[in-house]
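Visitor: Hi! I'm new to this one and would like a quick tour. Could you show it to me first?

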Amino acid sequence: MVDPKSPFKWRHFQPDIILLNVRWYCRYSLSYRNLEEMMVERGVKVDHTTIHRWVRNYAPELDKRIRSFLNPTNDSWRVDETYIEVKGEWKYLYRAVDSEGNTLDFMLSAKRDGKAAARFFRKVLGAKHTQTPRVITVDKNAAYPVAVDELKQDKTLKAETELRQSKYLNNIIEQDHRNVKRIVKPMMGFRSFNTARRTLRGIEAMAMIRKGQVKGIN
C-alpha cells in the first residue's frame, strides 16, 4: 500500500525514476525487461522485478490522483467490453467513453453477464466527472438490456434514458480498445486478477492524460 503522505518512503530509488518507469510501462508497448535495459542505458541499474513492484503499487495511485481533476464528460455513452488474459483464461474489461472518445470509466470482471454490466454502470454513474446518460450505445450483447432495466427499476437510471444497440455507432469505443490491447500485448497475459486490475488502472489513467481529460495537463 502507498502511504498518501509519504508515497516513496523506504524506496531505494528517486521518485522521478520510479514514476518514469511506471508511466512508460502504462503508456507504451514495453515489457519489464525492456525497461530494465532502457534504464541501464541511462546509467540506472534496476531489476525488472523491482519495476513490476513499482507498477503494482503506483499504477493505481496514478488513477486515484487524477480523478479529482478530470474534465466533465457528455451524456452520450458508448459501452463495450474487451478480453484480457489472466492466468491463461479470458476475463472481461468493461469500458465506456462518451461520444467524443473521452474515457468515462472501466472495470475488470471475471464474468460477462447482466450483473457485471449493472455493476459497471453503477461504477460509471458514481464517477465525479460523468453525468446521467441521455443515451447509452452498446452492441448486441443481451446482458446490457437486462442491466439497464434493473437500473431503471431501482431508479438509478432515468426512465427516459435510451438504450441503443448498434455495432456501427459503437465503433468509437472499439477503436479505443486498441490502445489498451496494444499496451497489454507485450505483457503476454497477467499472472493474477489483482495484478491485472491494478496495472489496467495505470494504463487507463495514462490514456486519460493522453486524451487531454486532466485539467492543467496538455
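Guide: Happy to, and please keep in mind that this is a predicted model. Let's start at Leu 200, which touches Ile 84, Leu 93, Phe 106, Leu 108, Val 180 and Val 184, leaving out residues up to four places away in sequence.

Visitor: How many residues apart in sequence are Leu 200 and Leu 93?

Guide: They are 107 residues apart in sequence, while their C-alpha atoms are 9.1 Å apart in space.

Visitor: Is Leu 200 buried or exposed?

Guide: Leu 200 counts as buried because its relative accessibility is 1%, and the cut-off for buried is under 20%.

Visitor: Which helix does Leu 200 lie in?

Guide: Leu 200 lies in helix 7, which covers residues 193-210. Of the 18 residues in helix 7, 13 are buried, so this helix is largely enclosed by the rest of the structure.

Visitor: What span should helix 7 have, at 1.5 Å a residue?

Guide: The expected span is 26 Å, and the end C-alpha atoms of helix 7 are 26 Å apart, which agrees. Just after helix 7 comes Gly 212, with a positive phi of about 80°.

Visitor: Back to the inside. Which residues of the largest nonpolar core touch the most other members?

Guide: Those are Val 22, Ile 84, Leu 200 and Ile 203, in a core of 38 residues. Helices 1, 2, 3, 6 and 7, along with strands 1 and 3, each supply at least two residues of this core. There is also a second, separate core of 20 residues, with Trp 77, Met 107, Val 124 and Val 148 among them.

Visitor: And what is Ile 203 in contact with, beyond its neighbours within four places in sequence?

Guide: Ile 203 is in contact with Cys 26, Val 180, Ile 183, Val 184 and Met 187.

Visitor: New topic: pockets. How much space lies in the largest pocket?

Guide: About 500 Å³. The largest pocket is lined by 16 residues, and those nearest its centre are Tyr 32, His 52, Met 187, Gly 189 and Arg 191. By class, the lining has six nonpolar, eight polar and two charged residues.

Visitor: Which helix gives the largest share of that lining?

Guide: Helix 3 does, with three residues. Helix 2 and helix 7 each supply at least two.

Visitor: One last stop: where is His 177?

Guide: His 177 is in helix 6, residues 171-184. His 177 counts as buried, at 5% relative accessibility. Apart from neighbours within four places in sequence, His 177 is in contact with Asp 80, Glu 81, Thr 82 and Arg 95.

Technical notes: Residues numbered from 1 in each chain as written. Predicted model: local features only at pLDDT ≥ 70, side-chain atom pairs only at ≥ 80, totals over all residues. Heavy atoms only, no water. Helix = DSSP H or I, 4+ residues; strand = E, 2+ residues; numbered from the N terminus. Buried < 20%, exposed > 50% of the residue type's maximum accessible area, 1.4 Å probe, protein only. Contact = heavy atoms within 4.5 Å. 1 Å grid on protein atoms, 1.4 Å probe; cavity = no way out; pocket = protein on both sides within 12 Å on 5 of 7 lines; lining within 4 Å. Points joined across faces, edges and corners; volume = space filled by probe spheres on them. Nonpolar A, V, L, I, M, F, W, Y, C, P; charged D, E, K, R; others polar. Expected span 1.5 Å × (residues − 1). Core = buried A, V, L, I, M, F, W, Y, C linked by side-chain atoms within 4.5 Å.
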